[in-house]
Amino acid sequence: MSDKIEVIGIDHGWMMMKTASQVFRASSEVISTEPAFFDNILEYNGKYYEIGCKRTEVRANKVENENYYLLTLVAIARELKKRGKNGGQVFIAAGLPLSRFGDEKDEFVEYLKANRNVSFKYQQEQYDVEIVNVAVFPQCYAAVVDLIPTFKQKIVIVDVGSWTVDIMSLENRKPINEKCITKPNGLITCLRSVNAECYRKLGEEVDESIIQDVMRGNTPDIDDEFLEVIRNGIKEYVKSVYHSLREYGVNLKTMPVIFVGGGASVVKRFGEIEQKNINYIVDVKANAKGFEYLGRVALNKWLKRGA
């Protein structure tokens, strides 16, 4: 039976949504009338939603409104299409930050499984899906789950996400709960601080997409004075991540550290640390792939219990 169920890992970021094969901006906005064009349009419960038009507003959690439910449907559609399907049974594997995992897990599971059978259209294609179950796992851990058997010593995993930075210490290949922390210092705080500095020094803010383009290592067509402020601001942000690690007791000169998450490439590019003990997993889909791996294990256990 398990081979008939599609396990779909979904990383619900505040900036980007990720599955094992898909990445798109985490936002949905309702459209009052039928749109003229259907690229990135979700049709659900008689309403039309434009997906990915801008970054979503950060809230206390992801279950305050229907935004992340709608984005979950889109993630399922995009991943199913990649697999050559437009429906069927789906097991959702998702994640939460380390320090908020216990408090938010049950509510997030209920939020994602609110409707067992759901029908919708995405880009005018019909999808009919049965959500058989939902499992939630700690992000950061998921990004390295396939590598854990190779770890031979104490190691620190740092997940630089859109809103949070998760810091997880492993000893003997096992996470140490009291040494797992989450700091609200993700890439969105970098975007905000860089724009504040642009306004302070140059009297103008810039579109966040321009800052993100610089984060990716590109050189957008803007005045050099803005480019300098942006690059310096990103470097200062990376220094703040290093500072958090030192506060946590991590010796960056000797402790094995792996940076993961959407910000891993930013830290690698703007931190300018080249040491044997520092490594990077720059695949932004690493957590989603890890959720999917863990989801398959959870699905098999669930089925054995006689789901």
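**Figure 1. Val90 stands opposite Ile131 of strand 10 in this predicted model.** This first close-up follows strand 8 and the strands beside it. Strand 8, residues 87-96, is joined to strand 10, residues 125-138, by 10 bridges, and the two run parallel. Strand 8 also pairs with strand 1 (residues 5-9), again in the parallel sense, over 5 bridges. If you would like an anchor for that second pairing, take Ile5, whose bridge partner in strand 8 is Gln89. How many of the 10 residues of strand 8 are buried? The count is 8, and strand 8 is mostly covered.

**Figure 2. Strands 2, 3 and 4 make an open sheet in the order 2-3-4, with antiparallel pairing.** Strand 2 (11-12) and strand 4 (23-25) stand at the edges with a single partner strand each, so one side of each has no neighbour in the sheet. Helix 1, residues 67-82, packs on this sheet and touches strand 2, strand 3 and strand 4. The direction of helix 1 makes about 150 degrees with that of strand 4. Between strand 3 (residues 16-18) and strand 4 there are 3 bridges, in the antiparallel sense. For a residue to zoom in on, try Lys18, whose bridge partner in strand 4 is Val23.

**Figure 3. Tyr44, Tyr69, Phe108 and Tyr111 come together in one aromatic cluster.** The model holds 9 aromatic pairs by the ring-centre rule. One of them is Tyr44 with Tyr69, a tilted pair at 6.1 Å centre to centre and with 50 degrees between the planes. Tyr44 belongs to strand 6 (residues 41-44) and Tyr69 to helix 1, so this pair ties together parts that are 25 residues apart in sequence. Are these two rings' residues buried or exposed? Tyr44 is buried, with a relative accessible area of 8%, and Tyr69 is buried too, at 8%.

Now turn to Phe108 and Tyr111. Their ring centres are 6.3 Å apart and their planes meet at 15 degrees; planes under 30 degrees apart count as stacked, so this pair is stacked. Both residues lie in helix 2 (residues 101-112), 3 residues apart, about one turn of the helix. An α-helix has 3.6 residues a turn, so residues three or four places apart point the same way. Phe108 has 2% relative accessibility and counts as buried. Tyr111, at 13% relative accessibility, counts as buried as well.

**Figure 4. Lys62 lies over the face of Tyr68.** Here is a single side-chain pair to check in your own viewer. What is the distance from Lys62 to the ring centre of Tyr68? It is 5.6 Å.

**Figure 5. Strands 13, 12, 11, 14 and 15 form an open sheet of 5 strands with mixed pairing.** Read across the sheet, the order is 13-12-11-14-15. The edge strands are strand 13 (174-183) and strand 15 (278-280), and each pairs on one side only. On average, neighbouring strands of this sheet are turned by 20 degrees against each other, direction ignored. Strand 11 and strand 14 (residues 257-260) pair in the parallel sense, over 4 bridges. Within that pairing, Ile157 has Ile258 of strand 14 as its bridge partner.

**Figure 6. Helix 4 (residues 187-202) packs its buried residues against strand 11, helix 5, helix 6 and helix 7.** A quick length check comes out nicely: at 1.5 Å a residue, the 16 residues of helix 4 should span 22 Å, and its end C-alpha atoms are 22 Å apart, which agrees. Which residues of helix 4 are buried? They are Leu187, Ile188, Thr189, Cys190, Leu191, Val194, Asn195 and Cys198. The elements they pack against are strand 11 (155-160), helix 5 (208-215), helix 6 (224-247) and helix 7 (264-271). Gly203 follows helix 4, with a positive phi near 80 degrees.

**Figure 7. Ala264 has its place in helix 7.** At 0% relative accessibility, Ala264 counts as buried. Leaving aside residues up to four places away in sequence, Ala264 touches Val160, Phe259, Tyr280, Ile281 and Val282. What separates the C-alpha atoms of Ala264 and Gly161 in space? The separation is 8.5 Å, although these residues are 103 residues apart along the chain.

Technical notes:
Residues are numbered from 1 along each chain as its sequence is written. This is a predicted model: local features need pLDDT of at least 70, side-chain atom pairs count only at pLDDT 80 or more; totals for chains, interfaces and linings use all residues. Side-chain values use heavy atoms; hydrogens and water are left out. Two strands pair if DSSP finds at least two bridges between them. Contact means heavy atoms within 4.5 Å. Axes are lines fitted to C-alpha atoms, for helices over the stretch in contact, and angles run from 0 to 180 degrees between N-to-C directions. The expected span of a helix is 1.5 Å times one less than its number of residues. Buried means under 20% relative accessible area, exposed over 50%, partly exposed in between (1.4 Å probe, protein chains only). Rings of Phe, Tyr and Trp (its six-membered ring) pair if their centres lie within 6.5 Å; planes under 30 degrees apart count as stacked, over 60 as edge-to-face and the rest as tilted. A charge sits over a ring if NZ of Lys or CZ of Arg is within 6 Å of the ring centre and within 35 degrees of the ring normal.
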